[in-house]
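Student: Could you take me through one spot in this model up close? I'd like the local contacts first, and then how the whole chain looks around them.

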Amino acid sequence: MAQSGIGLDERSELLYRRLLRRTNWQTQELAQAMKWPASEVVRAMETLRAEGLAAVSADDPTAFRAVEPCIGLPALLARSMHEGRSPQPRPVEIDRFIALHERAAERIEESADGGGHRNDASTVIERMVAKAERDVVFLVPRHTEGGFAFSRPIVDMGLRRGMRLRAVWAASVFHAHPAMVHAQWLAQQDVPPRMADSVPVCAMIMDGEAAVVIDDSGAPRVVRSAAELDSLCALAERLWERGSAVRQLRRTPGAATTRRPRTEIVLRLLAEGLTDDAIARRLGCSVRTVRNDVAAAMVALDARSRFQAGARAMQVGLI
């Protein structure tokens, strides 16, 4: 089936656009809305979940939700570049898709009743964390299937951008098998969670400048006041310093480490203004290797210069 400009087949993109209209969807509801057989919805949903664009809802484990475009589409572009897919997603189309979605979401937020707005915790967090630049801290008191604290797209985005990612989980969280699987994956990314006897609040803190706190009902509350942020940051630092490493997450000597694709690192350093020679010294590789990576990135990003490649990568949220 033909691919759309954002890197999905046409049916999967249609389903993704439908998912973005509401917080939670059951398979049968989607079949009725799309006028497709349920089997076709299931196939398209499997594609979206494999590409990190759909997930199980934290509010209802039998329902699905869309991963926000500002998180999911740059990740799709990054994987396509790394795997050398053909045709590649078009950065201009991704940027346009994200911008149109953001404008639509803002219009709904500003409407009188806000009816239908996707304001679940995961959506609020994804839109906020996409704007983080330096540091993200997860405070996790419990396991919630589909919850933000167990989102690979969020972690993947932070790693691509070179952010510091930390997570403190209550000891009980590690008892859930899906959480342990996620913890093992985090360890392979070199960001294993630490364990505390208990974590008193469910939250994500971004750059120490904003946070989202999730109450017991799962409702999100955005925190921007200096006093409450200072308190949350102090709590996070105490829990991190006192938290213990989980023995099962330690890599055995000689085990392979998951590393970020070199192209992502090259693009980030390009955006910082480094020359090819400086990037080669930083990465410990040849200048020729760096130039090959830059050339491949320019093609994938439809850029006419190395400067434009770095700028476009930042523009679409790739780095």
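Tutor: Here is a look at one loop residue, followed by the chain that holds it. Keep in mind that this is a predicted model. The residue to zoom in on is Asn24, which sits in the loop between α1 (10-19) and α2 (27-34). Its side chain makes a polar contact of 2.6 Å with the side chain of Ser57. Ser57 has company, though: once you set aside neighbours within four places in sequence, Asn24 also touches Glu29, Asp59, Ala63, Phe64 and Arg65. Of these partners, Glu29 belongs to α2 (27-34).

Now zoom out. The protein chain has 13 helices and 8 strands, and α1 and α2, on either side of the Asn24 loop, are two of those helices. Contacts between residues 24 or more positions apart make up 67% of those with a separation of 6 or more. As for overall dimensions, the C-alpha trace spans about 55 × 55 × 40 Å along its principal axes. The radius of gyration is 20 Å, which agrees with a compact globule, because a globule of 319 residues would come out near 20 Å.

On the solvent side, 50% of the 319 residues count as buried. The accessible surface comes to about 15,700 Å², with 50% of that area belonging to carbon and sulfur atoms. If you're thinking about electrostatics, the chain carries 44 positive and 40 negative charges, and the mean positions of the two sets are 5 Å apart.

Key
Residues are numbered from 1 along each chain as its sequence is written. This is a predicted model: local features need pLDDT of at least 70, side-chain atom pairs count only at pLDDT 80 or more; totals for chains, interfaces and linings use all residues. Side-chain values use heavy atoms; hydrogens and water are left out. Helices (H or I, at least four residues) and strands (E, at least two) are DSSP runs, numbered from the N terminus. The radius of gyration is taken over C-alpha atoms; the globule rule is 2.2 Å times the number of residues to the power 0.38. Buried means under 20% relative accessible area, exposed over 50%, partly exposed in between (1.4 Å probe, protein chains only). Contact means heavy atoms within 4.5 Å. Accessible areas come from the Shrake-Rupley method with a 1.4 Å probe; for residues, only the protein chains shown count as cover. Lys and Arg count as positive and Asp and Glu as negative; His and the chain ends are not counted. The place of a charge is taken as NZ of Lys, CZ of Arg, CG of Asp or CD of Glu. A polar contact is a pair of N or O atoms within 3.5 Å; within protein, one must be able to donate a hydrogen and the other to accept it, and residues adjacent in sequence count only if both atoms are side-chain atoms.
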